[in-house]
Amino acid sequence: DPGAFTVTSLEGRTPAETEEIRKLGRETLMEMLGMDGFIAATVVSCGNRQMTFSAWERQEDVARMRNSESHTDAVQRFYGKDLAQGGVIGSFDTKHVMAMQRCRQCGKMVNIERSNGRCSCGREVSPASYW
């Protein structure tokens with residue numbers, strides 16, 4: 001289960017700048033793929049806004065992303081005069097994450113942690129990998 005999530009949402013001022021934000025995001029994501037503790041990410045484009053939502057095993061793992069070459073470049077440009085109208089950036093510890101899976105025998109939705117991986121009908125239920 002993830003122990004931390006990161007959110008980056010940057011708004012480009014022009015179509016060219018929006019494309020540059022998209023490019024920097026892809027480069028950072030490619031570096032994240034090889035980092036210990038990285039689980040998965042979702043990238044969303046909505047008009048001139050580029051958003052990345054990432055899942056990490058632990059909050060401490062997020063620091064690896066902050067030290068990547070492409071992320072460092074993007075941060076310097078963001079805080080300078082060079083990149084984006086504005087944005088939202090955050091890192092969050094998870095307080096509540098539940099793995100739920102439907103029992104193949106009776107069809108009941110099972111909370112994997114609370115049930116210790118067993119449905120009330122007796123069948124073993126294993127979570128699918130959603131990350």
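Helices (H or I, at least four residues) and strands (E, at least two) are DSSP runs, numbered from the N terminus. The structure described here is a predicted model, in which local features need pLDDT of at least 70 and side-chain atom pairs count only at pLDDT 80 or more, while totals for chains, interfaces and linings use all residues. Residues are numbered from 1 along each chain as its sequence is written, and side-chain values use heavy atoms, with hydrogens and water left out.

The chain contains four helices and six strands. Their order along the sequence is β-α-β-β-α-α-β-β-β-α. The radius of gyration of the chain, taken over C-alpha atoms, is 19 Å, whereas a compact globule of 131 residues would have a value near 14 Å. The globule rule behind that comparison is 2.2 Å times the number of residues to the power 0.38. The C-alpha trace spans about 60 × 30 × 25 Å along its principal axes.

Burial was assigned from relative accessible area with a 1.4 Å probe and protein chains only: buried means under 20%, exposed over 50%, and partly exposed in between. By this measure, 34% of the 131 residues of the chain count as buried. The accessible surface, computed by the Shrake-Rupley method with a 1.4 Å probe (for residues, only the protein chains shown count as cover), amounts to about 8400 Å² for the chain. Carbon and sulfur atoms account for 51% of this surface.

Contact means heavy atoms within 4.5 Å. Of the contacts in the chain between residues at least 6 apart in sequence, 59% join residues at least 24 apart. For charge, Lys and Arg count as positive and Asp and Glu as negative, with His and the chain ends not counted. The place of a charge is taken as NZ of Lys, CZ of Arg, CG of Asp or CD of Glu. The chain carries 17 positive and 17 negative side chains, and 9 Å separates the centres of the two sets.

Aromatic pairs were searched for among the rings of Phe, Tyr and Trp (its six-membered ring), with centres within 6.5 Å; planes under 30 degrees apart count as stacked, over 60 as edge-to-face and the rest as tilted. The whole structure yields two such pairs. One is formed by F38 and W56, which are edge-to-face, with 5.3 Å centre to centre and 70 degrees between the planes. This pair links distant parts of the chain, since F38 lies in strand 2 (residues 38-46) and W56 in strand 3 (residues 49-56), 18 residues apart. F38 counts as buried at 13% relative accessibility, and W56 counts as buried at 0%. In the pair of F78 and Y79, the ring centres are 5.2 Å apart and the planes stand at 80 degrees, so this pair is edge-to-face. F78 is buried, at 19% relative accessibility, whereas Y79 is exposed, with a relative accessible area of 64%.

Strand 3 also holds S54 and T52. S54 counts as buried because its relative accessibility is 3%. Beyond its neighbours within four places in sequence, S54 is in contact with A4, F5, T6, M32, F38, A40 and A41. With the same neighbours set aside, T52 is in contact with T6, V7, T8, A41, T42 and V43. The C-alpha atoms of T52 and L29 are 8.9 Å apart in space, and the two residues are 23 apart in sequence.

V125 belongs to the segment after helix 4 (112-115). V125 is buried, with a relative accessible area of 5%. Leaving out neighbours within four places in sequence, its contacts are Q101, R102, C103, V110, I112, G117, R118 and C119. V125 and Q105 lie 9.5 Å apart, C-alpha to C-alpha, and 20 residues apart in sequence.

Most residues other than glycine have a negative phi. A84, which is not a glycine, has a positive phi of about 85 degrees. A84 is placed in the loop between helix 3 (69-79) and strand 4 (86-93) and counts as buried at 11% relative accessibility. N116, also a residue other than glycine, has a positive phi near 55 degrees. N116 lies in the segment after helix 4 and counts as exposed at 70% relative accessibility.
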